[in-house]
Amino acid sequence: MNFFFEVLIGGLLSGVMYALVALGFVLIYKASGVFNFAQGAMVFFAALTFVSIMELGVPFWPAFALALASMVVLAVVTERVVLRPLVNQPQITLFMATIGLGFLIEGLAQGMWGAAVHGLEIGIVDEPIAWTMDNWGIGVSTFDLFAAGVSAVLVTVLAVFFNKTRVGRALRAVADDHQAALAIGIPLQSIWRIVWAVAGFVALVAGVMWGARNGVQFALTFVALKALPVLIIGGFESVAGAIVGGLIIGASEKIGEVYVGPLVGGGIEGWFAYMVALLFLLVRPEGLFGEKHIDRV
Amino acid sequence: MKLTKTALIGLGIAGALGASPVLAADQYVGMPSYRVGPYAAGGSGIFGGMIDYFQMINARDGGVNGVKLTWEECETEYNNARGVECYERMKKNGPTGNTVFHPLSTGITYSVIDRATADRIPVISVGYGRTDASDGRVFPYIFPLITNYWSQNTVKIKFIGMKEGGMDKLKGKKIVNLYHDSAYGKETIPVLDVQAKMYGFTVTHLAVAHPGNEQQSQWLQIRQIKPDWVILRGWGVMNPTALKTAAKVGFPRNKVLGVWWSGAEEDVIPAGSAATGYIAAGFNVSGTNYPVMKDIQKYVVAKGKSNMEDKSRVGSAYYNRGVVHGILTVEAIRNAQEKFGKGKSITGEQMRWGIENLDLDDKKIKALGATGFLPPLHVSCSNHEGSGLVKFQRWDGKQWKVITDWIQSDQKIVRPMVEESAAKYAKEKGLKLRDCSKEG
């Protein structure tokens with residue numbers, strides 16, 4: 001039984017890491033109704049910029065600030081060059097634009113900093129806590145617990161930002177209807193710049209955490225693939241949903257791999273998460289926390 | 001695509017003199033490189049090493065018997081379709097077409113086998129690609145040189161036997177084969193199963209879904225199985241993730257044995273201290289303390305001409321693997337020139353002869369300044385592998401340290417499997433086996 005709980009806890013903590021990436025998607029979708037296909041590339045860009053600046057000899061926090069500044073610049077340029085010309089275009093057009101943007105950001109990151117693989121140490125060991133091993137026979141990683149703490153802080157801050165601030169309410173208004181938001185004087189362009197910058201911040205945090213875990217390399221762009229089933233389950237518009245979705249996906253894919261995998265040849269984690277998401281789609285298409293849209297005819 | 005520096009300089013001088021560009025004979029090599037994307041570290045290191053070796057040969061020796069080496073890169077991003085596109089785009093370039101194709105990808109190798117055979121352009125896949133192509137009677141233009149995956153795997157089991165105190169001590173041991181869930185990853189499952197039966201150990205195959213950035217479940221299973229050794233058959237991000245997760249579940253890294261595609265600096269540095277003690281196989285070694293590397297330093301790197309953006313990577317596992325690719329290519333060209341005419345550009349067909357009759361013994365390797373850098377090699381019509389030797393390196397936290405001499409693979413196991421698999425392929429394709437006794 002200990003083993004089952006170890007798999008479960010490991011899965012839940014892995015799910016927190018997926019949720020970190022999923023949060024970036026949620027932010028942009030919540031504020032603009034756009035599914036940002038470039039979020040994985042933004043994670044890579046942010047982490048690579050951060051680690052490359054650190055390797056120039058800049059300490060952690062100044063390097064973090066500089067990387068964050070680069071994400072803000074990226075947000076401003078994205079709004080000016082990609083989003084502004086596409087105001088009031090169908091959402092599929094904006095979605096297609098983010099696909100192109102994703103490739104552009106990937107190329108930009110490698111063009112600026114090179115394609116080499118970087119190690120990233122943030123001072124948190126990724127080893128089991130002796131106490132849990134000795135007392136419960138369950139290995140829980142210090143790093144995973146730290147990642148869970150970071151996610152909790154991030155979710156709290158974002159929840160307050162969206163629900164308790166003027167900017168947050170404006171973001172939600174823009175998401176509901178661009179034209180209506182413009183009509184009542186909400187500055188659409190500023191709102192988009194802010195939300196893309198905040199998504200850049202989330203990408204930076206996710207990139208640092210994933211980079212510290214597996215190294216900063218192009219494969220960071222793939223973590224976005226793990227975020228998609230999380231979003232399907234949690235709902236595209238809910239910050240809390242990203243966390244709950246992450247936990248469900250993390251736990252189910254680990255349990256699936258360990259207990260179902262051996263029966264079908266193993267290596268099922270990649271698609272098992274999508275299968276779970278598909279089952280949720282059949283039952284609750286808007287996700288656990290997504291808004292139910294009713295169109296009057 | 002980049003035009004070669006040599007060609008550009010030649011055209012520039014000719015243009016400056018106001019004359020028609022009369023170029024000396026040159027030998028063109030089209031390179032399907034990958035310098036961006038998930039596997040860019042391998043692509044940039046290996047093609048960088050090969051290009052620097054070519055540059056050194058041009059600068060130090062004036063080319064191969066006066067024939068300058070030229071090259072052209074085509075970006076594949078490790079994508080099969082792009083690899084085929086690059087092959088087609090480059091196959092007719094140069095005075096005699098593409099001399100040789102180095103796919104540097106098992107997938108691209110599979111994709112060009114039929115084309116290259118029809119076009120008579122040899123394909124060199126050093127330490128990767130289709131294992132049964134070692135049977136040159138069925139695959140005349142495909143050369144998985146030095147050591148194929150099956151040979152390497154028998155050496156790994158030999159190494160484990162050595163560590164356990166003899167091959168008879170393998171009986172009852174438990175080995176986990178943690179592999180990338182792809183054609184590349186699955187390639188060694190059959191040979192491991194045969195060895196498990198032969199030596200009495202149990203082997204558990206655990207797949208890791210691409211790209212391998214999440215392995216918690218596999219390593220928890222490994223902890224349950226309590227294996228004596230874990231064979232790591234990874235690629236890219238799967239490698240540091242495996243080492244980090246091994247540390248997370250408390251599995252000793254000095255009992256993790258990697259394939260050479262898990263044995264570069266890029267595979268261990270991101271894992272930090274979790275990689276210390278980890279062992280990987282190799283058909284080449286890291287380091288710069290070899291005469292051939294010193295010549296590259298002197299004629300290329302010191303003159304600011306290195307293809308590597310990051311000069312600290314000169315001497316790394318991937319870079320040196322590229323130098324090995326360069327040595328094999330140049331020596332095959334030299335060999336072909338001996339037969340078909342010194343100082344002339346050779347064709348792909350002639351290059352095939354040059355590779356197939358390549359004989360790099362200790363004396364020749366010493367003359368190349370590469371003793372211990374790559375193993376001796378004797379290629380023949382029936383044996384397109386040519387060596388089967390493997391060394392092992394241990395990561396000490398800062399660099400790879402060679403811990404064995406060359407260890408011979410178990411050809412009693414490998415060769416019958418190669419011939420059986422190749423014969424099956426020949427039957428499927430309706431191919432007639434070459435009679436090697438009639439080949440000159």
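User: Is Trp229(B) buried or exposed?
Analyst: In this predicted model, Trp229(B) is buried, at a relative accessible area of 2%.

User: And which residue pairs with the ring of Trp229(B)?
Analyst: The partner is Phe159(B). The two rings are edge-to-face, with 6.3 Å centre to centre and 80° between the planes.

User: Where do these two residues lie in chain B?
Analyst: Phe159(B) belongs to helix α5 (residues 149-164) and Trp229(B) to strand β7 (residues 229-233). The pair therefore links distant parts of the chain, 70 residues apart.

User: What is the relative accessible area of Phe159(B)?
Analyst: The value for Phe159(B) is 1%, and this residue is buried.

User: Turning to the whole structure, how many aromatic pairs are there?
Analyst: There are 38 over all chains. One of them joins Phe44(A) and Phe218(A) edge-to-face, at 5.4 Å centre to centre and 70° between the planes.

User: What does that pair tie together?
Analyst: Phe44(A) sits in helix α2 (residues 39-55) of chain A, while Phe218(A) sits in the loop between α9 (188-214) and α10 (223-234), so the contact ties together parts that are 174 residues apart in sequence. Both Phe44(A) and Phe218(A) are buried.

User: Which residues form an aromatic cluster in chain A?
Analyst: Phe25(A), Tyr29(A), Phe35(A), Phe37(A), Phe95(A) and Phe236(A) make up one such cluster.

User: What about charges: which ring lies under the charged end of Arg213(A)?
Analyst: That is the ring of Trp210(A), whose centre is 5.5 Å from the charged end of Arg213(A). In chain B, the charged end of Lys391(B) sits over the ring of Trp406(B), 4.6 Å from its centre.

Technical notes
Residues numbered from 1 in each chain as written. Chains lettered and ligands numbered in written order. Predicted model: local features only at pLDDT ≥ 70, side-chain atom pairs only at ≥ 80, totals over all residues. Heavy atoms only, no water. Phe/Tyr/Trp six-rings, centres within 6.5 Å; stacked < 30°, edge-to-face > 60°. Helix = DSSP H or I, 4+ residues; strand = E, 2+ residues; numbered from the N terminus. Buried < 20%, exposed > 50% of the residue type's maximum accessible area, 1.4 Å probe, protein only. Lys NZ or Arg CZ within 6 Å of the ring centre and 35° of its normal.
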